Amino acid sequence: MNYKRSMAENKFILPDGNVLISFSGGRTSGFMLHKILEANGDLPDRAKVVFANTGREMPQTLDFVQECSDRWNVPITWLEYTQHKPKFEIVSHNAASRNGEPFEQAIRKKASDRFLPNQAIRYCTQEMKVLTIKRYLVRNGWKKWFNTVGIRKDESHRIKPSKDKRWENWFPLAAAEMTVHDVNKFWSNNEFDLQVMKGAGNCDGCFLKSEAQLAAMWREHPDRMQWWSDLEIRIGSTFHKGRSYKELGDFVEKQGSFIFDDEAYLCQQNFGECTG
Ligand code: SF4
């Protein structure tokens with residue numbers, strides 16, 4: 001095989017210029033990171049791998065991010081949203097928030113209007129991931145960059161051009177025609193994996209998850225779901241129109257979660273991840 005040609009055809013070769021690799025802490029973006037490392041070797045300074053912690057990831061997700069960094073010898077910058085300037089904080093596996101602190105700060109301003117994020121207005125993703133990472137990169141002197149997004153071919157309907165003039169989106173997984181099967185195959189043969197149940201990735205009680213998934217989370221992790229319910233009660237509003245986390249939790253407690261259909265997840269569809 002012609003070496004030069006095969007390298008040119010490798011969709012994971014970094015584009016020219018600065019490249020942000022957003023690592024969501026899920027299997028798909030972990031797989032993407034591995035493919036990028038495989039294609040490029042050690043990353044140059046112009047490429048940064050960033051994980052934006054919301055404080056609502058499962059502890060196993062935080063461990064997974066750290067394990068990818070350690071085992072693959074790739075530096076990952078951990079960021080968290082904070083209300084105070086410069087509106088981001090660099091943390092680490094040990095220092096990362098574990099009880100929704102960045103999330104609470106992100107909604108604080110809008111909470112006075114009883115406005116929680118919802119399916120139509122995901123300001124949580126925008127504030128805690130998209131803008132937090134942007135502020136960090138701009139502070140580091142970046143003016144323009146490629147934003148690497150872990151969207152696969154089987155979820156290509158989620159592919160969108162960037163709305164921000166500073167960056168252009170890059171979708172190497174979709175370009176390489178990688179699907180959920182490739183992701184599953186990789187992790188089933190890998191020596192470590194993300195240790196969370198299906199649908200528990202990203203924010204544990206994310207309002208984009210299906211009713212069935214949230215019911216399963218109430219059954220398996222009632223302590224973690226209580227945070228979402230308490231937040232709704234405190235703010236006096238709900239993440240879903242006409243349904244509260246408390247109602248769902250009460251229902252699961254009385255009836256069990258088996259009556260819910262195992263419908264596809266939105267944010268989590270087929271292991272899809274919150275990519276902003
Ligand atoms: S996973 Fe859900 S709750 Fe968390 S930032 Fe993304 S959209 Fe918001």
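**Exercise 1. Describe the residues around the ligand and place the ligand relative to the domains.**

Solution. Step 1: the shell holds 12 residues, and those that come nearest to the ligand are Cys 124, Asn 202, Cys 203, Cys 206 and Cys 274. A residue is near a molecule if its C-beta atom, placed from the backbone, lies within 6 Å of it. The model is predicted: local features need pLDDT of at least 70, side-chain atom pairs count only at pLDDT 80 or more, and totals for chains, interfaces and linings use all residues. Residues are numbered from 1 along each chain as its sequence is written.

Step 2: sorted by class, the shell has eight nonpolar, three polar and one charged residues. Here Ala, Val, Leu, Ile, Met, Phe, Trp, Tyr, Cys and Pro count as nonpolar, Asp, Glu, Lys and Arg as charged, and the others, Gly among them, as polar.

Step 3: the ligand lies between domain 1 (3-196) and domain 2 (197-269), because both give residues to the shell. The bounds come from an automatic or database domain assignment.

**Exercise 2. State which residues of helix α8 are buried and which helices they pack against.**

Solution. Step 1: apply the burial cut-offs, which are buried for 20 or more other C-beta atoms within 10 Å of a residue's own, exposed for 12 or fewer, and partly exposed in between, with C-beta atoms placed from the backbone. In α8 (residues 211-220), the buried residues are Gln 213, Leu 214, Ala 215, Ala 216, Met 217 and Trp 218.

Step 2: these buried residues pack against α9 (222-235) and α10 (245-255). Contact means C-beta atoms, placed from the backbone, within 7 Å. Helices (H or I, at least four residues) and strands (E, at least two) are DSSP runs, numbered from the N terminus.

**Exercise 3. Examine the backbone of the loop between β3 and β4 at Pro 86 and Lys 87.**

Solution. Step 1: Pro 86 sits between β3 (76-81) and β4 (88-91), and the peptide bond leading to Pro 86 from Lys 85 is cis, with omega near 5°.

Step 2: Lys 87, in the loop between β3 and β4, is not a glycine, yet has a positive phi of about 70°. Lys 87 counts as partly exposed because it has 16 C-beta neighbours inside 10 Å.

**Exercise 4. Treat Glu 177 in the same manner.**

Solution. Step 1: Glu 177 is in the loop between α6 (172-175) and α7 (180-188), and its phi is positive, near 60°.

Step 2: with 12 other C-beta atoms within 10 Å, Glu 177 is exposed.

Conventions
Two residues are in contact if their C-beta atoms, placed from the backbone, lie within 7 Å.
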